[in-house]
Amino acid sequence: MLNPANKEVGVDVLYEFEILQDVDSIYFDMQTLDTYRIYQQSFTSKNSYHGKKIVLKNRFKKGEKHTVGLAAFTNPAKAMYFIDWNETQGKKQIWTQGQGKYTSSWLPSFDDVNEKVEFDFSITFDKDYEVISNGKLLKKESPNDSLTKWYFDMKQPMSSYLAAIAVGKYQKKTITSKSGVPIELYYYPEDEAKFEPTYRHTQQIFDFLEAEIGVAYPWQNYKQIPVKDFLYAGMENTGTTIFSDTFVVDSIGFKDKNYVNVNAHELAHQWFGNLVTAKSGKHHWLQEGFATYYALLAEKEIFGDDYFYWQLYKSAMQLKVLNDGKGEAVLNPKASSLTFYQKGAWALHVLRQKVGEKAFKNAVKRYLNTYKFNSAETDNFINIVEEESGQNLDAFVQTWLVNPQLPESFYDFNQLLTKNSNTDDTMFYFLGGINGAPGQVASFRAFKTSDESATTCVNIANIFKLSQNEVLQKEVPISEELLVNLTKNIPNDNPMVSNDVYQAAFAIDNLKVRQAIAQSLTEIPAELKSDYESLLNDASYVTKEAALYNLWVNFPSDRKTYLDATKDVMGFNDKSLRILWLTLAMVTKEYSGKNTPYYFQELSNYTQPYNHFEVRQNAFVYLNELKAFTDQNLADLVNGAMHHNWRFSKFCRDLLDSIIKNPSYEENLQRVSRLLSSKEKDFLKRRMEK
């Protein structure tokens with residue numbers, strides 16, 4: 001039973017289990033509990049709830065098989081989230097997030113990831129909503145005119161943190177993988193036009209990973225569900241990925257920010273994490289490092305080699321910053337995400353090169369088949385790789401997994417990223433995708449090493465011009481990644497020279513290069529005004545937003561023209577472009593006129609709780625800049641400071657603290673209490689007393 005208005009969960013669970021060793025008690029984890037009742041058991045026991053556990057005491061003997069049924073009611077503080085049920089607007093949803101938040105917050109289950117359970121859920125809820133969970137939907141029944149009961153079946157066991165429920169107003173389309181696996185893709189009814197760009201390449205990703213990994217997808221089906229105000233980018237619940245609806249994009253948005261990497265990452269987890277689970281936090285890289293690496297391989301399949309090597313390079317530069325400090329070991333259970341994800345992925349890339357393609361693939365396949373539906377440690381994987389390759393990997397393990405810092409040789413990209421052994425210019429190859437052309441690479445080296453900005457500009461301009469020559473492009477292909485990187489690094493201390501470079505960059509007519517110009521060229525020379533104005537017409541929300549602001553700042557007499565050109569563009573789901581437009585329109589006195597109150601009302605409304613937290617955050621930023629908080633905005637800020645998304649709540653708390661310290665808001669804060677709930681009043685009071 002789900003009661004969203006009161007954020008209450010009622011569960012009725014029947015467990016069947018076998019005793020693996022003699023014990024005097026068994027228990028179910030339950031983080032929060034209002035009441036519970038044991039209504040069925042195949043043994044006599046004394047039960048109690050303490051230490052966040054429901055404990056049943058008995059003299060259990062190895063080999064015994066038992067059942068126990070219990071009912072419980074709870075108001076979960078986390079792990080299950082009730083969205084917008086007390087709002088007049090918004091997307092009414094319920095969704096779960098078990099990893100790191102404990103599924104036992106709402107379900108009597110097992111916090112130990114090594115305890116595997118085959119869950120079969122039946123869920124009763126309002127018939128006007130769609131209910132989604134792990135496994136195959138067997139049937140739906142209608143107990144009465146207002147309710148529907150959904151029955152889901154799992155065939156294989158999983159860790160409790162991977163149990164999932166999502167409830168909302170959804171439609172779905174089903175596609176089928178090459179191997180016959182149903183892939184159910186959910187979307188909001190109003191977002192049907194965004195379905196294709198949101199889920200673009202999904203089947204290709206699925207088919208590629210299944211073939212690359214070499215082990216059949218292990219679950220009955222695969223579902224993907226967007227939700228509002230999610231805690232992360234996505235979560236790989238078994239067969240049921242829940243992801244942030246910020247990745248629901250149209251065809252323009254796809255070019256700026258898309259779901260492809262998250263899509264591939266969460267799907268890779270269905271093998272690495274779900275099929276085989278890391279035994280403890282020490283071995284977390286067996287999940288995140290693998291998922292990151294295989295997601296990159298999938299992107300390589302879609303976007304090409306240049307993209308793949310550029311992503312590796314970017315992550316290497318992030319690791320270099322970490323390395324220049326104290327570094328972190330991959331096998332450190334308290335390591336950062338950067339280490340588990342990126343350093344773990346790099347370790348696999350290096351390992352694959354070291355042992356060879358065949359041995360690596362055979363080892364991965366054998367590892368998954370050996371430990372399927374079970375847990376594993378790093379040594380389990382390494383031992384298999386050693387057996388498949390015939391190599392001793394002690395030095396690799398010490399260098400890549402045990403040592404906090406990477407050796408300086410890591411940054412010798414000739415060894416790690418080389419694609420053509422005949423050239424020693426690997427660094428410049430993968431920066432530019434210059435495929436085995438050492439002579440040309442050498443000619444580009446000046447842009448990186450020269451101290452003279454004029455010489456640098458000349459070299460960059462020559463590359464831009466080269467990229468426009470179709471004949472030369474065939475001989476020396478220059479990647480988009482190189483051109484974008486060059487654009488971001490054009491020196492501006494010699495305008496006479498740099499203007500020529502920007503004109504050459506504009507002439508390429510490449511969307512990403514033009515985007516880089518919009519973001520990096522903030523002081524616009526008059527000679528480039530016409531070219532820069534054309535950026536407002538680009539099919540990129542990122543470009544439009546940067547260009548609008550920079551043009552508005554640089555050319556005050558033409559502000560009306562720029563605002564008119566972008567007045568109907570909403571941009572991403574976070575409405576960053578629209579909110580910028582409203583702000584600029586209001587402060588452009590000769591433009592807004594009598595419409596100013598309407599513009600302000602629209603901006604002000606974006607702070608309200610029914611909006612996505614990213615929309616709210618953007619609105620708070622600009623209202624703070626304008627120093628234009630209403631009492632309702634301040635009440636919304638207090639509400640945001642108590643939000644379940646920690647990044648958003650931290651932003652709101654920091655902003656609220658700065659407002660509390662500002663004497664000009666003293667009267668506003670006194671008035672705002674009438675708009676707050678009792679919990680919000682208590683929170684604000686504690687904040688003001690700090």
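The following legends describe close-up views of a predicted model.

**View 1. The aromatic pair of phenylalanine 308 and tyrosine 309****.** Across the whole structure, a search finds 46 aromatic pairs. In the pair shown here, the ring centres of phenylalanine 308 and tyrosine 309 are 5.1 Å apart and the planes stand at 75 degrees; because an angle over 60 degrees counts as edge-to-face, the pair is assigned to that class. Phenylalanine 308 and tyrosine 309 are both buried.

**View 2. The aromatic pair of phenylalanine 629 and tyrosine 665****.** The arrangement is edge-to-face, with 6.1 Å from centre to centre and 65 degrees between the planes. The pair links distant parts of the chain, its members being 36 residues apart. Phenylalanine 629 lies in the loop between helix 25 (613–626) and helix 26 (631–641), whereas tyrosine 665 lies in the loop between helix 27 (646–660) and helix 28 (666–672). Phenylalanine 629 has a relative accessible area of 6% and is therefore buried; tyrosine 665, with a relative accessible area of 9%, is likewise buried.

**View 3. The largest nonpolar core and an aromatic cluster****.** The core has 135 residues, and those with the most contacts inside it are Trp285, Tyr294 and Phe381. Helix 5 (residues 285–303) gives the most to this core, contributing 11 residues. Ring pairs join Trp285, Tyr294 and Phe381 with Phe272, Phe290, Tyr293, Phe360, Tyr367 and Tyr371 in a cluster. When residues up to four places away in sequence are not counted, phenylalanine 381 touches Trp285, Leu286, Phe290, Leu348, Leu351, Val364 and Tyr367.

**View 4. The second nonpolar core****.** This core is separate from the largest one and comprises 61 residues. Among them are Ala516, Phe555, Met586 and Tyr665.

**View 5. Threonine 583 in helix 22****.** Helix 22 spans residues 576–587 and contains threonine 583. The relative accessibility of threonine 583 is 7%, so the residue counts as buried. Apart from neighbours within four places in sequence, threonine 583 is in contact with Leu603, Tyr622 and Leu626.

**View 6. Charged side-chain ends over aromatic rings at lysine 173 and arginine 559****.** The charged end of lysine 173 sits over the ring of phenylalanine 195, at 4.6 Å from the ring centre. Arginine 559 places its charged end over the ring of tryptophan 552, at 3.6 Å from the ring centre.

Key:
Residues are numbered from 1 along each chain as its sequence is written. This is a predicted model: local features need pLDDT of at least 70, side-chain atom pairs count only at pLDDT 80 or more; totals for chains, interfaces and linings use all residues. Side-chain values use heavy atoms; hydrogens and water are left out. Rings of Phe, Tyr and Trp (its six-membered ring) pair if their centres lie within 6.5 Å; planes under 30 degrees apart count as stacked, over 60 as edge-to-face and the rest as tilted. Buried means under 20% relative accessible area, exposed over 50%, partly exposed in between (1.4 Å probe, protein chains only). Helices (H or I, at least four residues) and strands (E, at least two) are DSSP runs, numbered from the N terminus. A charge sits over a ring if NZ of Lys or CZ of Arg is within 6 Å of the ring centre and within 35 degrees of the ring normal. A nonpolar core is a set of buried Ala, Val, Leu, Ile, Met, Phe, Trp, Tyr and Cys residues joined through side-chain atoms within 4.5 Å. Contact means heavy atoms within 4.5 Å.
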